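This report describes how the interior of one protein model is arranged. It takes up the cavity, the nonpolar cores, one helix and a few single residues.

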Amino acid sequence: MQVHIPSDIKQVYQTRQAENQARLDRYRQDFLARDPELRALERSYREAGASYLLKSLQGGAELEAARAKLAQLQTQLGQAYQAKEARLLAPEDLYTCPLCQDTGLYQGQLCSCALEIRNQLERQKGISFPPPPEASLAHFDLDLFSPQLDPQIYKGQASPRQVAENLYQRSLEILANFPHSDRNFYFFGKPGTGKTYLAAALANGLRAQGYSVAFIRSMAFVDLTAQVRVLDRSFSADRTEKQVAHERLQFLRQAQVLVLDDLGSEAGNDASYNDLIALLDGRVQNPEQMTLLTGNLPPLDFSRRYDERLGSRLLGAFLAFPLEGPDLRMELARRTQKGTPRRDQNGLPRQDQNELQRRAQMEASRQDQNGLPRRTQKGAKSGL
């Protein structure tokens, strides 16, 4: 799994590292002012350096001895600094983030401070398009999908659960190999079959690895492009509003991962369709970008809904995956009403946390202060 730190976040860390070095230099100056041993070593080191420089100009047999003395003093000085810094400088004193030590990486993963920096930068620019936060592959519940074969679903050749499991495994492979993986997908099917959740979960997984991600409904994209055109044609447009609108559109074009949700539901015109085609063309040609589309229309119907250009792009550049089966929202609502336990990623039933706490309290009440089972009153009388 590759972890990517965007350039704007790297700049923040570079600034922090420069501040850390300046802070460290101030500490060292303070050490020199207060520590006679360090002052003496610093003085001896400078004298040895001057002596080595002089002997290197004069030449002679004493040059090697001068070099060895300089190296020895350099080692002693470094060890003295290291010992004192280890005592006086805790990570929380030197680094803004003690976990990653202002590198952005912690235990091979993107540090939480990098995610905070990204969110702050997006809010400052006003261009944030985050996916629904609740969508996660870790919570992708395969138990919601029917395991039954149905002649009306996938022509009876696969169950909804088999297809969902295949897409789930493929998503995990993408997370492990992006950007060296398949990049463009179209999930289509009736409402409630899990298209948007799967796309958003995959996008959130890549976002957690540090990739720039944008999630937008196709209707909102059409509205944004229309707003940009209106602002460009207006002589009295607010300069800030115009700049932000262009930056938002540019972010959709440049984001490493884009989810365009519910394609085909927008009410657009020729200009909107041209904007959509230009967006997809630009992203398909970039090998470092991924585009996820969701919609209700089969790819062959796009030529009738839009025109031949968009239909050919979907058929030629995107891997299309149908999602069929019952409405998952209805299934989830039915299980909630009946109290059917959902299952975790290991296939085990998820139990309500309140119920687990209640059972723990009941078990604790049955034990004495030593953790042994309490005797009932009847048992006490009978000597049991």
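A cavity, as the word is used here, is a set of grid points where a 1.4 Å probe fits but cannot get out. The model is a predicted one, and it holds one cavity of 30 Å³ or more. The space in the largest cavity comes to about 40 Å³. Its lining is made up of Leu167, Arg170, Ser171, Ile174, Phe185, Phe187, Leu202 and Phe321. H6 and S3 are the elements that give two or more residues to this lining. The largest share comes from H6, with four residues.

**Nonpolar cores**

The largest nonpolar core has 34 residues, and Phe187 and Met290 are those with the most contacts inside it. Six elements are listed below; each supplies at least two residues of this core.

| Element | Residues |
|---|---|
| Helix H6 | 160-177 |
| Strand S3 | 184-188 |
| Helix H7 | 195-208 |
| Strand S4 | 213-217 |
| Strand S5 | 257-263 |
| Strand S6 | 290-295 |

H7 gives the most to this core, with seven residues. Leaving aside residues up to four places away in sequence, Met290 touches a list of residues including Ile174, Phe178, Phe185, Leu202, Leu206, Val257 and Leu258. Polar or charged names also occur among the contacts of Met290, including Asp182, Arg183, Asn184, Gln256 and Arg283. Another core lies apart from the largest one; this other core has 25 residues, among them Ala214, Leu231, Leu249 and Leu252.

**Helix H7**

How many of the 14 residues of H7 are buried? Eleven are, so that the helix is mostly covered, with buried meaning under 20% relative accessible area. Among the buried residues of H7 are Lys195, Leu198, Leu202, Asn204, Leu206 and Arg207. The length of H7 agrees with expectation, because its 14 residues at 1.5 Å a residue should span 20 Å and its end C-alpha atoms are 20 Å apart. Just after H7, Gly210 has a positive phi of about 105 degrees.

**Leu41 and the aromatic residues**

Leu41 is part of helix H2, which covers residues 36-58. Leu41 counts as buried because its relative accessibility is 14%, and the cut-off for buried is under 20%. Beyond residues up to four places away in sequence, Leu41 touches Leu73, Gln76, Leu77 and Ala80. Gln74 lies 33 residues from Leu41 in sequence, and the two are 8.8 Å apart in space, C-alpha to C-alpha.

With ring centres required to lie within 6.5 Å, the model has nine aromatic pairs. One aromatic cluster is formed by Phe140, Phe145, Tyr168 and Tyr197.

Notes:
Residues are numbered from 1 along each chain as its sequence is written. This is a predicted model: local features need pLDDT of at least 70, side-chain atom pairs count only at pLDDT 80 or more; totals for chains, interfaces and linings use all residues. Side-chain values use heavy atoms; hydrogens and water are left out. Rings of Phe, Tyr and Trp (its six-membered ring) pair if their centres lie within 6.5 Å; planes under 30 degrees apart count as stacked, over 60 as edge-to-face and the rest as tilted. Buried means under 20% relative accessible area, exposed over 50%, partly exposed in between (1.4 Å probe, protein chains only). Contact means heavy atoms within 4.5 Å. A nonpolar core is a set of buried Ala, Val, Leu, Ile, Met, Phe, Trp, Tyr and Cys residues joined through side-chain atoms within 4.5 Å. The expected span of a helix is 1.5 Å times one less than its number of residues. On a 1 Å grid over the protein atoms alone, a cavity is a set of points where a 1.4 Å probe fits but cannot get out, and a pocket is an open set with protein on both sides within 12 Å along at least five of seven lines; lining residues have an atom within 4 Å of a point. Grid points are joined across faces, edges and corners, and a volume is the space filled by probe spheres set on the points.
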